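Please take a moment to look over the sequence and the model before reading on. The paragraphs that follow move from one part of the chain to the next.

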Amino acid sequence: MILPDQLAYFRWNILQDHGTSHLSIVDGERNAVSMTSTVNAYFGSLILSPSTGVLLNNEMDDFSMPANTTANTPPPAPNNFVAPLKRPLSSMCPTIVLKDGKLKAAVGASGGSMIPAGTIEVLLNHFAKNMDPLSSVMAPRVYHQLIPNEVKYENWTTVTGDVFLLDAATRGDLLKKGHVLEPLAGGTISQLVVHNVEGRGDLTAVSDPRKGGVPAGY
């Protein structure tokens with residue numbers, strides 16, 4: 001809720017909003033939407049559509065270039081080089097999980113090239129480790145993208161005071177296996193909705209507190 005004395009702030013101050021966003025939505029009929037969208041960088045491609053007023057993204061940045069890499073692309077790969085009628089490689093992986101034709105979960109994430117790892121970790125936490133939805137999202141995450149050959153692990157405190165740190169025992173086990181560890185103050189932001197098919201048929205929604213998100217129901 002926005003209080004009257006806060007209206008001036010939102011009217012005269014620019015909100016710091018950029019990059020990628022993800023929405024997981026389920027309605028009363030258990031229809032589900034999992035949607036990831038992005039402008040890819042500050043002000044996208046710097047081009048505003050004259051007909052719609054929508055800021056266009058710079059998804060061209062996700063193509064690979066010879067001898068060139070960016071934060072959102074893997075090392076150069078010929079299959080991902082720029083060419084006519086091609087789409088660039090995308091790390092987006094909005095996911096809807098079904099069992100016997102019935103909705104089990106809708107999940108996805110923002111976070112550039114770390115999105116696949118963040119999304120699958122949340123899914124494994126819930127469906128393989130039997131963690132509740134909130135714990136599945138809150139659990140500290142690790143990321144390994146092969147190149148560079150290092151394991152990035154969460155080690156940060158958000159502005160709301162939540163601490164995300166991979167436990168010392170797990171870090172020790174990774175070191176024993178020869179992994180190079182690198183702390184990461186950031187990572188993916190996940191949105192998860194779980195449908196309790198075997199139970200009352202209710203929904204549990206979790207919006208990742210790493211970015212100050214809160215779930216909403218109507």
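Which residue of strand 10 does V193 stand opposite? The partner of V193 in strand 10 is A205, and the paragraphs below place this pair in its surroundings.

The model is a predicted one, in which local features need pLDDT of at least 70 and side-chain atom pairs count only at pLDDT 80 or more, while totals for chains, interfaces and linings use all residues. Residues are numbered from 1 along each chain as its sequence is written, and side-chain values use heavy atoms, with hydrogens and water left out. The mean pLDDT of the chain is 87, with 87% of its residues at 70 or more, where pLDDT is the predictor's confidence in each residue, from 0 to 100. Over residues 1–17 the pLDDT is below 50, and this stretch has six contacts in the model beyond near neighbours in sequence, a contact being heavy atoms within 4.5 Å. Where pLDDT is low, the predicted coordinates should not be read in detail.

The chain holds four helices and 10 strands, counted as DSSP runs numbered from the N terminus (helices are H or I with at least four residues, strands E with at least two). Along the sequence they follow the pattern α-β-β-β-β-α-α-β-β-β-α-β-β-β. Of the 218 residues in the chain, 31% are buried, where buried means under 20% relative accessible area, exposed over 50%, and partly exposed in between, with a 1.4 Å probe and protein chains only.

V193 and A205 belong to an open sheet of four strands, which has the order 3-4-9-10 and antiparallel pairing. Its edge strands, each pairing on one side only, are strand 3 (95–99) and strand 10 (203–207). Two strands pair if DSSP finds at least two bridges between them; strand 9 (residues 189–195) is joined to strand 10 by five bridges, and strand 4 is joined to strand 9 by six. On the strand 4 side, A106 stands opposite V193.

At the other edge, strand 3 and strand 4 pair in the antiparallel sense over five bridges, and T95 has V107 as its bridge partner in strand 4. These two strands form a hairpin with two residues between them, and D100 in the turn has a positive phi of about 55°. Strand 4 is largely enclosed by the rest of the structure, because eight of its nine residues are buried.

Helix 2 lies across strand 3, strand 4 (102–110) and strand 9, and runs at about 145° to strand 4; axes here are lines fitted to C-alpha atoms, for helices over the stretch in contact, and angles run from 0 to 180 degrees between N-to-C directions. In the loop between helix 2 (115–127) and helix 3 (133–138) lies D132, which is partly exposed because its relative accessible area is 41%. The side chain of D132 reaches the backbone nitrogen of L134 at 3.1 Å and makes a polar contact with the side chain of S135 at 2.8 Å. A polar contact is a pair of N or O atoms within 3.5 Å; within protein, one must be able to donate a hydrogen and the other to accept it, and residues adjacent in sequence count only if both atoms are side-chain atoms.

Elsewhere, T36 lies in strand 2 (residues 32–38) and counts as buried because its relative accessibility is 11%. The side chain of T36 makes a polar contact with the side chain of H22 (2.8 Å). Leaving aside neighbours within four places in sequence, T36 is in contact with residues including M92, P94 and A109.
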